[in-house]
Protein chains: 4
Amino acid sequence: MVKRPDARRRSEKSRRAIYDAALSLVGDVGYPRTTVEGIAARAGVGKQTIYRWWPSKADVLLEAFLDLGERVAEEAGQQPYRIPDTGDLAADLKAVLRATVDELLDPRFEAPSRALAAEGLVNEQLGREFVAKLLEPQLQLYVERLRSAQEAGQVRAEVDPRIALELFVSPLAQRWLQHTGEISHTYTDTLVDYALHGLAPR
Amino acid sequence: MVKRPDARRRSEKSRRAIYDAALSLVGDVGYPRTTVEGIAARAGVGKQTIYRWWPSKADVLLEAFLDLGERVAEEAGQQPYRIPDTGDLAADLKAVLRATVDELLDPRFEAPSRALAAEGLVNEQLGREFVAKLLEPQLQLYVERLRSAQEAGQVRAEVDPRIALELFVSPLAQRWLQHTGEISHTYTDTLVDYALHGLAPR
Amino acid sequence: MVKRPDARRRSEKSRRAIYDAALSLVGDVGYPRTTVEGIAARAGVGKQTIYRWWPSKADVLLEAFLDLGERVAEEAGQQPYRIPDTGDLAADLKAVLRATVDELLDPRFEAPSRALAAEGLVNEQLGREFVAKLLEPQLQLYVERLRSAQEAGQVRAEVDPRIALELFVSPLAQRWLQHTGEISHTYTDTLVDYALHGLAPR
Amino acid sequence: MVKRPDARRRSEKSRRAIYDAALSLVGDVGYPRTTVEGIAARAGVGKQTIYRWWPSKADVLLEAFLDLGERVAEEAGQQPYRIPDTGDLAADLKAVLRATVDELLDPRFEAPSRALAAEGLVNEQLGREFVAKLLEPQLQLYVERLRSAQEAGQVRAEVDPRIALELFVSPLAQRWLQHTGEISHTYTDTLVDYALHGLAPR
DNA sequence: TTTTAACCGAGACGGTACGTCGGGTCTTTAC
DNA sequence: GTAAAGACCCGACGTACCGTCTCGGTTAAAA
């Protein structure tokens, strides 16, 4: 039987400091050279305080990143986010993807999210958590927008939205993750056009 | 000035042993717990022999993997590979993607290629090499097939093949890498259909 | 200025429990592996309750040991102890030393007293306390008995009793502490004989 | 089966540096605050180099101390040491004990030898080694001198020299180790006198 | 054909970080 | 309202690997 620490007595100050230290360290020196000891030192915290609450540095980073997302969302004074629905599917998708491109190029997000994605490839458990907590909720928004488009007759009824969304989301993801190409607003606009109207002649 | 070792005197036996040890270790214990020391020990080789020829374990693995690919190709008694061109673009693409699915599910490839992809996300230099030596050559085959389809009037002339191919390749890649969904022959068939004919009604 | 705890409000039950836990732990796992945390846990007491009243585990043990001595003495229904004075100095000394041998071989005393002696070698302050509270009072009894023997003409007048007693006490102590030889009744008898009559021929 | 390191490849420089660092650290900060990490740092050596060759800091110190003894002995350009035998037993013993007193008061020896003695009380294995390698050889010299005195008729034939020597050696040892009294030339002279001629009137 | 230089297996070395343990302090919770 | 429980910061533990280095020995190129 493992001794679980008492979460009620947890120091909120330390938690915050650890999140901040983790994110800033990853930004400064990169993920592989970020160490638990380094996080503890920068956070002004004992190593044990990290090991008490997280099993590994990847988990620290995941939580720190989720927390960052929440804080950013809160700042933006948000109601649960949805993809805009102006009636023009192409325009709505292009707008959202342009925003995504901007976010992917934001250096604050770059290092930690790439690090998490990488760790997730190799560490199955973390990968699933990463996907479930960060990726899927985003993708679900596309599913909803595509459903609405199907009702409006702008997308064929027999199309599976969960697969359809990958036509424009995955290419962007891959270019960003694997540096297989530049990412830009024109690029994502093109993706939307290709996906909606197909490659074959009409 | 760096001392370059004399490649002519290199022990072929050691090289082979190191490749084998690296691949089998990654398969056995996973990439992060694969160590240079471990590879050396399993290969029956001094550590220095590894460091003499490769700068890092990632590079060892990359070469080992490239070598594995070559050997497999050789076994298959292959002329330089091309995507079949039967005149039916959809059928050709589906066939190739089905073969890719089979390969991705082959456990021999699973651990090392996932490991390399992951390392490539975080280690820019390795990532570029991975893309240049493994990924791009594959993608180039699609570019050629799509060009031929354009000439045959099966793909619109203004479509950029390098982007177009991502509509079916990237979704598969992402599902496999990030476990965001199952991969199967029906799935890739669907991708090809969606990509060629678009999501919007005709 | 240090905050002194209010000794009047001290919990007698905790004190007892700590003494018992400390002695039994030292007996069970040895001094170096006895920890303050371990004592607290076994005593069912918070660590702070120990640190409130003692500066270190050595001091806890010293007090616990003194207390043990007192309790044992009490059990024995004792008036302040003196060395018997039957008029036969040799016999009296031999009797006392035999009793001491028995005590030294009692496993209840072995671990803690050896531990305290060891700690006292290295921790000067504790050493002085150990000597002052445990050792010197014992030695003083010998001083008195030897004085009485001098008055009876059984010991030369010019002999310094404080030094003289060391002739039989120190060898026993050293053998016990440093395992430099076995200790037994015959051994201490011999010591008394040698000390009283000298090594040189009469 | 434990992996034994190859002693032939051992770095003599590191060994020396570790001895020096260990002795000087014990001298500077005392035994309990001497850490393996500290020794490694001061010696400019990796921790593993210490753990490779010694099981604990106590063993490092023991060897360092033995080595110091040897070096000092070598400096003194020594033939195997013996207690002088001028025919006058009392004088010879007094001379040797005076020298011992001087050595015990030498600050170079003080900290490490006290530390070793202390550790030896609690760590049985080390204690035996300490006694066997350092203490007993010294005591044996007294045994020989006393035997010679017995042959010369200056010590009673039935006296056991191994016990007899404790009459003057142990008191000195105890005073030094446990701070139970000052040590000086007059003190050891007195011990010799008492031991040789006894406490009882002639 | 001999010499000789480099590679080779082996593994010790100075280091860095790991994850754990316990010290001594401070805070929270429960009796 | 006191003290148990235990989280906290800190520092040392002993281990695992890192990447470099040195040691003999073997082996293949140059002389």
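These are my notebook entries on a predicted model of protein chains with DNA strand E.

**Ground rules**

Local features here need pLDDT of at least 70 and side-chain atom pairs count only at pLDDT 80 or more, while totals for chains, interfaces and linings use all residues. Residues are numbered from 1 along each chain as its sequence is written, chains are lettered from A and ligands numbered from 1 in the order in which they are written, and side-chain values use heavy atoms, with hydrogens and water left out.

**Entry 1: around the DNA**

I began with DNA strand E and looked up its neighbours, where "near" means that a residue has a heavy atom within 4 Å of the strand. There are 42 such residues, and A:Y51, B:D6, B:T49, C:K47 and C:Q48 come nearest. Which part of the strand faces the protein? Of the strand E atoms within 4 Å of the protein, 61% belong to sugar or phosphate and the rest to bases.

I sorted the surface by class: Ala, Val, Leu, Ile, Met, Phe, Trp, Tyr, Cys and Pro are nonpolar, Asp, Glu, Lys and Arg are charged, and the others, Gly among them, are polar. I got ten nonpolar, 16 polar and 16 charged residues near strand E.

Next I picked out some single atom pairs. The side chain of D:R52 has an N or O atom 2.9 Å from a phosphate oxygen of strand E. At C:V36, a polar backbone atom sits 3.1 Å from a phosphate oxygen of strand E. A:Q48 goes for a base instead: a polar atom of its side chain is 3.3 Å from a base nitrogen of strand E.

I also noted the elements that give two or more residues to this surface, and they include helix 3 (47-53) of chain B and helix 3 (47-53) of chain D. Helices (H or I, at least four residues) are DSSP runs, numbered from the N terminus.

**Entry 2: where chain D meets chain C**

Contact means heavy atoms within 4.5 Å, and here it takes 48 residues from chain D and 48 residues from chain C. I looked up the buried area, which is the accessible area (1.4 Å probe) that two parts lose on being put together, summed over both. Chains D and C bury about 4,500 Å², with 62% from carbon and sulfur atoms.

How many salt bridges cross between chain D and chain C? I found two by the rule, which asks for a side-chain nitrogen of Lys or Arg within 4 Å of a carboxyl oxygen of Asp or Glu. C:R175 forms one with D:E166, and their closest N and O atoms are 2.8 Å apart.

On the side of chain D that touches chain C, helix 9 of chain D gives the largest share, ten residues. By class, that side has 27 nonpolar, ten polar and eleven charged residues.

**Entry 3: where chain A meets chain B**

Here 47 residues of chain A are in contact with 48 residues of chain B. The two chains bury about 4,500 Å² between them, 62% of it on carbon and sulfur atoms. I counted two salt bridges, and in one of them B:E166 meets A:R175 at 2.8 Å, N to O.

**Entry 4: an odd histidine**

Most residues other than glycine have a negative phi. C:H179 has a positive phi of about 50° although it is not a glycine. C:H179 is in the loop between helix 9 (166-178) and helix 10 (185-197) of chain C. Is C:H179 buried, partly exposed or exposed? C:H179 counts as partly exposed because its relative accessibility is 22%; the cut-offs are under 20% for buried and over 50% for exposed, with a 1.4 Å probe and protein chains only. In chain A, the phi of A:H179 is also positive, near 50°.

Key. A polar contact is a pair of N or O atoms within 3.5 Å; within protein, one must be able to donate a hydrogen and the other to accept it, and residues adjacent in sequence count only if both atoms are side-chain atoms.
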